[in-house]
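Let's take a stroll through this structure together. Have the sequence and the 3D view at hand, and we'll go one piece at a time.

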Amino acid sequence: MHRPAPAAATPRQRAGLFGRIADNERWLWRLMLAPAILYIVLLVGFPFLLSLYYSFSDAIVASREMNFVGLENFRRVLDSVTFWVALKNTIFITVVSQVLVLVFANALAMALLVDFPGKWLVRFLILLPWVAPISLGSVGWLWIFDSIYSIINWTMREAHLLGPGQWPIWLGTPELAMASIITVQVWRMLPLATVIILAGLSSIPQDIHDAAAVDGAGFWRHMFQITLPLVMPVALIAVLFGIVFVFTDLIAVFVLTRGGPYDTTQVLASWAYFIGIQGGDLAGGAAVSLFLFPVLVAVAIVFLRMARRAELT
Amino acid sequence: MATVETRRLTKHFDGVRAVDGIEMTAREGEFLVLLGPSGCGKTTLMRMIAGLERPTAGDIVIDGRVVTDLPPRERNIAMVFQSYALYPHLTVEKNISFPLRAVGTDRAEIGRKVAWAARMFGIERFLDRKPRQLSGGERQRVALARAVVREPVVFLLDEPLSNLDAKLRNSARDELKNFQRTLGTTTIYVTHDQAEAMGLGDRIAVLNQGRICQVGTPQEIYSRPADIFVATFIGSPPMNLIEDDVGYLGFRPEAFLPHGVEGGDDNITFPFRVTRLEYLGADRLVYGVLAERTPESHVISKIPTNIRTEIAAGGQYDFVVRRQDIQRFDRKSGQRMNGAG
């Protein structure tokens with residue numbers, strides 16, 4: 001005789017609290033979403049509203065009192081020469097670094113699409129800057145750009161590229177400091193963009209490439225009329241990420257130049273930090289940082305639309 | 001218009017011989033079909049002819065010129081892919097004109113040729129559309145238009161009909177054959193569908209495991225298969241094979257008929273025990289075993305419905321095959337032996 005084993009009871013009877021929730025679709029999705037929503041509310045939403053609140057007040061670090069002052073902070077910010085320099089620098093660094101990233105990332109991704117010995121090592125090395133903390137990377141670059149120990153200068157001297165008396169002070173002259181900061185931003189954003197574009201490239205069916213080859217396209221025609229247009233929607237996403245990261249970044253400037261020499265490399269994020277945290281003027285810092293917001297929203301909307309249109313056509 | 005020739009063409013992938021020393025010639029203006037099961041190397045062979053795959057050994061000769069080391073664009077061929085491989089970001093017009101722009105044809109000439117190709121395939125209305133706005137049949141026509149527009153010396157078609165539904169496939173087959181006749185361009189066509197191969201090909205090359213088993217007209221391939229593989233791969237249901245002392249006897253299901261239907265006197269009679277019947281509309285399929293034979297031989301008879309001989313499962317009947325319809329195959333090599341059994 002075959003008897004049903006005791007364990008053959010239906011799962012519902014045996015399910016504990018966890019099982020009951022897991023089966024309850026009305027509550028399960030709320031439970032699953034809760035951590036993400038809490039995270040956004042506490043770490044993004046609340047600070048954003050707080051800085052909005054501060055920017056209309058006269059809050060300072062040293063006082064517990066706060067008064068509503070209307071648009072006074074924004075008037076002060078707009079009157080400042082440094083604000084306009086920082087705004088110009090932020091845009092300049094973002095645009096130049098992203099153009100360079102787009103060019104380099106496409107070239108790198110195309111190179112990485114082909115098989116060659118040691119490919120995994122090259123991929124690993126390219127990804128390295130992305131996994132390294134920005135602050136550590138920036139400190140590394142601080143040494144590379146050091147006024148005395150700069151490895152660039154010593155290498156160029158050894159290679160006789162620098163004559164006697166020639167010794168670029170990378171972080172001490174306005175143009176070189178700007179170039180240094182853009183270099184760090186490109187170095188930092190390149191891995192992500194490369195990986196994104198690589199994914200876009202490998203999603204193009206091989207048949208399309210074969211068809212182009214049979215149809216008579218040479219290297220450049222193939223690249224500019226087939227590969228690049230097809231990878232563009234994905235590349236735009238990479239650029240969108242790049243703009244958001246670079247536009248809001250303060251670490252590179254903070255570590256390398258502190259905005260100097262004479263505020264010539266100041267960006268909005270670093271200036272907001274210097275005013276609001278180091279200067280103790282919470283209200284002023286909040287007002288400066290809010291100028292980042294509309295630009296980023298506009299950029300995000302424009303790029304998502306472009307990507308969507310490119311996807312559809 | 002050109003001939004295509006492969007000389008001991010070989011391709012190895014990680015030690016696997018995908019194409020194993022194939023010698024083949026497509027004659028001028030011919031419609032040659034490469035037919036075989038998946039994995040037989042037919043697509044690899046075509047990709048090597050196109051220049052998309054580099055042979056491990058051997059040569060490819062197009063129009064008397066060795067092109068083995070030339071890139072695809074210098075071979076003056078056109079290819080239609082199974083997926084059609086239309087450029088998704090370009091309009092139909094730009095898709096069709098792409099090969100012309102690639103060779104620097106002047107603007108007026110491009111316009112004239114695109115109009116000509118579009119008219120040939122009836123796609124003038126879609127010129128401004130993107131590929132994703134077209135149906136499968138329309139995409140296939142665009143792919144064909146893109147292939148003909150440059151007036152290449154050879155067309156390579158890689159299962160271009162397999163993404164169409166059954167009804168469309170029949171009419172597309174018809175059109176394909178027509179346009180190839182009209183242009184008279186040498187065409188190599190890859191398929192695993194024997195009906196397509198029989199219907200389209202001037203000649204068929206049957207491939208198996210990287211080798212050519214037989215090249216011949218559809219009639220030759222069907223009625224005088226070179227070996228057991230071809231005999232059983234072509235025809236539906238496949239050729240019946242029965243073993244005897246010398247080797248194998250093969251005969252087609254439609255040649256295996258009830259006694260008395262076939263008039264001639266040079267017949268071989270088999271006692272046939274019927275196990276199952278299938279009614280297919282135009283034909284009856286009769287499954288069963290040949291009685292008095294060891295080992296037991298399963299065979300199928302295909303009887304046109306207008307032959308009304310009473311047959312029931314479980315019964316035993318005398319069936320006959322004309323001696324001339326019997327093929328003999330060698331036991332060891334599987335090759336067809338000369339003469340009928």
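**A hairpin, a sheet and a helix pair**

Let's start in chain B, where β14(B) and β15(B) make a hairpin with three residues between them. Look at the turn: G281(B) sits there with a positive phi of about 90°. Keep in mind as you look that this is a predicted model.

Now follow the two arms of that hairpin. Strand β14 (residues 267-279) of chain B runs antiparallel to β15(B), and seven bridges join them. To find your place, pick out R273(B), whose bridge partner in β15(B) is V289(B).

On we go to strand β16 (residues 297-304) of chain B, which also has β15(B) as a partner: eight bridges join these two, again in antiparallel fashion. A handy marker here is L290(B), whose bridge partner in β16(B) is S297(B).

So is strand β15 (residues 283-290) of chain B mostly buried or exposed? Buried counts as under 20% relative accessible area. Eight of the eight residues of β15(B) are buried, so this strand is largely enclosed by the rest of the structure.

Staying in chain B, let's move to an open sheet of four strands. Reading across, the order is β2-β1-β4-β5, and the pairing is antiparallel. The edges belong to β2 (16-26) and β5 (65-66) of chain B; each has a single partner strand, so one side of each is left without a neighbour in the sheet. At the β5(B) edge, strand β4 (residues 57-62) of chain B pairs with β5(B) in the antiparallel sense over two bridges. There you'll see I62(B) standing opposite R65(B) in β5(B). Helix α1 (residues 42-50) of chain B packs on this sheet and touches β1 (4-13), β2 and β4 of chain B. The direction of α1(B) makes about 120° with that of β1(B).

Last stop: a helix pair in chain A. Two packed helices are described by the angle between their axes and the distance between the axes. For helix α7 (residues 134-144) and helix α9 (residues 174-202) of chain A, the axes come within 11 Å and cross at roughly 135°. That angle makes α7(A) oblique to α9(A). The crossing of α7(A) past α9(A) is right-handed.

Which residues make the contact? From α7(A) come I134(A), G137(A), S138(A) and W141(A), and from α9(A) come T183(A), V184(A), W187(A) and R188(A). Sorted by type, the residues of this contact are four nonpolar, three polar and one charged.

Definitions and conventions:
Residues are numbered from 1 along each chain as its sequence is written. Chains are lettered from A and ligands numbered from 1 in the order in which they are written. This is a predicted model: local features need pLDDT of at least 70, side-chain atom pairs count only at pLDDT 80 or more; totals for chains, interfaces and linings use all residues. Side-chain values use heavy atoms; hydrogens and water are left out. Axes are lines fitted to C-alpha atoms, for helices over the stretch in contact, and angles run from 0 to 180 degrees between N-to-C directions. Angles under 35 degrees count as roughly parallel, over 145 as roughly antiparallel, 65 to 115 as roughly perpendicular and the rest as oblique. A crossing is left-handed if the near helix is turned anticlockwise from the far one by less than a right angle, and right-handed if clockwise. Contact means heavy atoms within 4.5 Å. Ala, Val, Leu, Ile, Met, Phe, Trp, Tyr, Cys and Pro count as nonpolar, Asp, Glu, Lys and Arg as charged, and the others, Gly among them, as polar. Two strands pair if DSSP finds at least two bridges between them. Buried means under 20% relative accessible area, exposed over 50%, partly exposed in between (1.4 Å probe, protein chains only).
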